[in-house]
Amino acid sequence: MAVFFCLPAILFGAGSEAGFRVNLTPSYPLGLWRIASLNRATRVGDRIFICPPLTEEFRRARERGYLRRGFCPGWLSPLIKTVVALPGQSIEIGTSVVIDGVDLPRSAVQPNDGSGRPITPYAGGAVPPGFLFLHSPFKGSYDSRYFGPIPADGVLGLATPILTFVP
């Protein structure tokens, strides 16, 4: 009987070691994902798992429920995002995101979060060396539109969907 109750924990631990993660956030489809090895430099268009830096901004995001508990520093959950700008690229934030003078599709900036609380967008500027600007086209996404570029050294690997669905 004890094995029956321990089985979910054993499967969870084995899945985590193999790079499997369950996404329950509105940034990308819900379900089972895998962290695939990335043996090259990160490129625009890569969908990645990345640990957010342990900053006041991300602590506040955790308190507001934008992030879940996970294995990243500060027990933050890794993010699934797409890389849309690399170091040196220019970011402008208005009603949407503009990268090097080109509008980023599906990047409307929301004045309030899903609970109606005001959310402040990133001020814009050049992506600094060693940082990435991240995006998700899903409406409820908390991404670089709001927190700005984050350190590339937090990249865990490519985000590969295994068994996912959009509710």
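Colleague: Are Tyr 122 and Phe 133 buried or exposed?
Modeller: This is a predicted model. Residues under 20% relative accessible area count as buried. For both Tyr 122 and Phe 133 the class is buried.

Colleague: What kind of aromatic pair do Tyr 122 and Phe 133 form?
Modeller: Their ring centres are 6.0 Å apart, and the planes meet at 45°. Planes under 30 degrees apart count as stacked and those over 60 as edge-to-face, with the rest tilted. The Tyr 122 and Phe 133 pair is therefore tilted.

Colleague: How many residues apart in sequence are the parts that this pair ties together?
Modeller: Tyr 122 sits in the loop between strand 8 (102-103) and strand 9 (125-126). Phe 133 belongs to strand 10, so the pair ties together parts whose separation in sequence is eleven residues.

Colleague: Which strand pairs with strand 10 over two bridges?
Modeller: Strand 10 covers residues 131-135, and the pairing is antiparallel. Its Phe 131 stands opposite Pro 151. That partner residue lies in strand 11.

Colleague: Which are the edge strands of the open sheet?
Modeller: The sheet has seven strands with antiparallel pairing, in the order 1-2-12-3-5-10-11. An edge strand here pairs on one side only. The two are strand 1 (20-23) and strand 11 (150-151).

Colleague: What kind of pair do the rings of Tyr 66 and Tyr 142 make?
Modeller: The structure holds eight aromatic pairs. For Tyr 66 and Tyr 142 the centres are 4.7 Å apart and the planes are at 40°, so the pair is tilted.

Colleague: How many residues apart are Tyr 66 and Tyr 142?
Modeller: Tyr 66 is in the loop between helix 2 and strand 4 (69-72). Tyr 142 is in the loop between strand 10 and helix 3 (144-147). The pair links distant parts of the chain, with a separation of 76 residues.

Colleague: Why is Tyr 66 classed as buried?
Modeller: The limit for buried is under 20% relative accessible area. Tyr 142 has 7% and is buried. Tyr 66 is also buried, because its relative accessible area is 19%.

Colleague: Which residues form the aromatic cluster?
Modeller: Tyr 66 and Tyr 142 are both members of one cluster. The full set is Phe 58, Tyr 66, Tyr 142, Tyr 146 and Phe 147.

Colleague: Which helix gives the most to the lining of the second largest pocket?
Modeller: The pocket holds about 150 Å³ of space. Its lining includes Tyr 66, Tyr 142 and Tyr 146, and by class has seven nonpolar, one polar and three charged residues. With four residues, the main contributor is helix 2 (residues 56-64).

Methods. Residues are numbered from 1 along each chain as its sequence is written. This is a predicted model: local features need pLDDT of at least 70, side-chain atom pairs count only at pLDDT 80 or more; totals for chains, interfaces and linings use all residues. Side-chain values use heavy atoms; hydrogens and water are left out. On a 1 Å grid over the protein atoms alone, a cavity is a set of points where a 1.4 Å probe fits but cannot get out, and a pocket is an open set with protein on both sides within 12 Å along at least five of seven lines; lining residues have an atom within 4 Å of a point. Grid points are joined across faces, edges and corners, and a volume is the space filled by probe spheres set on the points. Ala, Val, Leu, Ile, Met, Phe, Trp, Tyr, Cys and Pro count as nonpolar, Asp, Glu, Lys and Arg as charged, and the others, Gly among them, as polar. Two strands pair if DSSP finds at least two bridges between them. Rings of Phe, Tyr and Trp (its six-membered ring) pair if their centres lie within 6.5 Å; planes under 30 degrees apart count as stacked, over 60 as edge-to-face and the rest as tilted. Buried means under 20% relative accessible area, exposed over 50%, partly exposed in between (1.4 Å probe, protein chains only).
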